Amino acid sequence: MEVSRNWRLQSQRYRMEGLRCEQCGTVVFPARAHCPQCAGESFAAQALRGLGEVYSFTHVHDAPAGFESAAPFFLALVRLDEGPLVTAQLTDVEREAVHIGMPVGRASCVKTASVAC
Amino acid sequence: MRDVFILGSGQTAVGEHWDLSLRQLARAAVSAALNAARPARPQALFVGNMLAGQLSGQQQLGALLADYCGLRGIEAITVEAAGASGGAALRQAYLAVASGAVDTALVLGVEKLTDKVGSSVAAALGSAADADWEAAHGATQPALAALMMQRYMHEQHLSQQQFAGFSVNAHSNGRTNPNAMFRNNLKAESFGSAPMVAEPVNMFDTAPEADGAAALVLGAAHMLAPAAARIRVAASALCTDAFALADRADVLQLRAAQQSVQQAHAQAGCGAADIDLFELHDGFTILAALALEAAGYAQPGSGWQLAHAGKIGLQGEIPISTFGGLKARGNPGGATGVYQAVEVEQQLRGTAGANQVQRARRGMLQGLGGSGATAVTHIFECLN
Ligand SMILES: [Zn+2]
């Protein structure tokens, strides 16, 4: 990933700063301009703890360019405790332990960042 | 809006064409289509392509291919919507003729994927996903399909093996398609033993990426030769959904596909039961199941139950992938939607040979961009 792009996304990629819709309360991550529930455009900052559970997962064998050295790796949809579903790599997990419903800690991907940036 | 008819079509075989460039592939399909449509000449060209910029270092395909195909001077542009590019280009050609802006339009789908190694192609195809929030984490198209399939299997208590019927059917139909990349039967028993791509998606769940070009000439009613079969574009609809898979209201619902089918049914004045065959986007077996659900052939969560010849075979209730689909005919990226269009046209003309669906009068085709953020659905109808 380009340095400037990573810099633009750092508060979300590394600190998981989300948004809360001031109109309907929906928590949004990553940041967007319009609330997906009510189309509202005003948001307040919402810190996310990075805790949640695996909603779905895959073990990626055929890695795309830039991720070859990481393969095979776990990619998951994680349902955060605050509501949003996020796409993330799962790192430091046992191969056989990964399952739908598995609790996860901070679901940002430090490993992805260091591999791909 | 006035009626739009298909005047002629052409295609190259789908495969690894080491000896042919992007423009040579394009010209082969265009020449065949123009021959079939004679004496009509296209007044505009709409190119469906996804990756020429990334994989061939070539943009501005409209002008390039108009020039190379002997059509220098006409209006020509590229339409891009990832895997839905071909269907999206078809829709632009349809609108151009339907609006009265032109009397004839050429739609060309062309893709050259085999000049680069697998990981580069996987990354390029992955650009259909959200670059900041999906591809940045290593998400590929197979990985996103795997996230859908894993969840589907979990909710419906299924194994990967229960999707075998989709690929078995595709291979069975590809066997007799001279333009198909894979012309071998696939045994259900060997389905589960293929190498993993992104668990639970294995190689037999996925479609092979390949080169290919297909072309279709559309025209207004007065451009039809008097004795020609009257194949009408009865519906054309394109819808979008939340872009990233994680942002969908339900990751197992292809909402754009569902909405585009509903619009297409309304335009054509028909329902799901009136469609005689359905060329769907079976880039992954899970997408075949979800597309059948979105089109109204199965309830949510039960599309996998249609994965048997009696349901989806050439003589089944709703034949799909009648020339092999993406799985066996091959997946030439942005060209795929135009292949689907040519195949439906052949079914309605009754020239599908061993792949013929009997008494085919209405055929539907659908392209998906990425994991379903774009869906474009067309219905063709034979008026003879
Ligand atoms: Zn809101």
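**Cysteines, sheets and interfaces**

Tutor: Let's start at A:C38, which counts as partly exposed at 26% relative accessibility. Bear in mind that this is a predicted model.

Student: What makes A:C38 partly exposed?

Tutor: Its value is 26%, and partly exposed covers what lies between buried, under 20%, and exposed, over 50%. So A:C38 counts as partly exposed.

Student: And why does A:C21 count as buried?

Tutor: The relative accessibility of A:C21 is 3%. The cut-off for buried is under 20%, so A:C21 qualifies.

Student: Buried or exposed, or partly so: what is A:C24?

Tutor: Partly exposed, because its relative accessible area of 39% falls between the two cut-offs. A:C24 sits in the loop between β1 and β2 of chain A. Leaving out residues up to four places away in sequence, A:C24 touches A:C35, A:Q37 and A:C38. Compare A:Q10: A:C24 and A:Q10 are 14 residues apart in sequence, with their C-alpha atoms 26 Å apart in space.

Student: Which atoms coordinate the zinc ion, and how do you know that they are donors?

Tutor: They are the SG atoms of A:C21, A:C24, A:C35 and A:C38, at 2.3 to 2.4 Å. An S atom within 2.8 Å of this metal is a donor, so these four count. Along the chain, the donors follow the spacing C-x2-C-x10-C-x2-C. A:C21, in strand β1 of chain A, and A:C38, in the loop between β2 and β3 of chain A, are 17 residues apart, so the pair links distant parts of the chain.

Student: Why is the site of the zinc ion called tetrahedral?

Tutor: Check the angles among the four donor atoms: they run from 100 to 114 degrees. Four donors count as tetrahedral if all angles lie between 85 and 135 degrees, so the zinc site passes. The ideal value for four tetrahedral donors is 109.5 degrees.

Student: How do you know that β1 and β3 of chain A pair?

Tutor: Count the bridges: β1 (residues 17–21) and β3 share five, in the antiparallel sense. Pairing takes at least two bridges, so these strands pair. One of the bridges joins A:R20 to A:A44 in β3.

Student: In what order do the strands of the open sheet run, and which are the edge strands?

Tutor: The order is β2-β1-β3 in chain A, with antiparallel pairing. The edge strands are β2 (27–28) and β3 (43–47), each pairing on one side only.

Student: Over in chain B, which residues of helix α3 are buried?

Tutor: In α3 (residues 61–68), they are B:L61, B:G62, B:L64, B:L65 and B:A66. These buried residues pack against α1, β2, α2, β3 and β4 of chain B. After α3 comes B:G70, with a positive phi near 80 degrees.

Student: What area do domain 1 and domain 2 of chain B bury between them?

Tutor: About 2,400 Å², 65% of it on carbon and sulfur atoms. B:Q11, B:V14 and B:R91 lose the most area on the domain 1 side, together 25% of what that side buries.

Student: And what area is buried between chain B and chain A?

Tutor: About 2,700 Å², with 61% from carbon and sulfur atoms. B:W133, B:H137 and B:L147 supply 27% of the area that chain B buries there, more than any other three residues. The contact takes 29 residues from chain B and 35 from chain A.

Definitions and conventions. Residues are numbered from 1 along each chain as its sequence is written. Chains are lettered from A and ligands numbered from 1 in the order in which they are written. This is a predicted model: local features need pLDDT of at least 70, side-chain atom pairs count only at pLDDT 80 or more; totals for chains, interfaces and linings use all residues. Side-chain values use heavy atoms; hydrogens and water are left out. Helices (H or I, at least four residues) and strands (E, at least two) are DSSP runs, numbered from the N terminus. Donors are N, O and S atoms within 2.8 Å of the metal (3.2 Å for Na, K and Ca); water is not among the atoms, so sites may look incomplete. Four donors count as tetrahedral if all angles lie between 85 and 135 degrees; four count as square planar and six as octahedral if opposite donors are over 155 degrees apart and all others between 65 and 115; anything else is irregular. Buried means under 20% relative accessible area, exposed over 50%, partly exposed in between (1.4 Å probe, protein chains only). Contact means heavy atoms within 4.5 Å. Buried area is the accessible area (1.4 Å probe) that two parts lose on being put together, summed over both.
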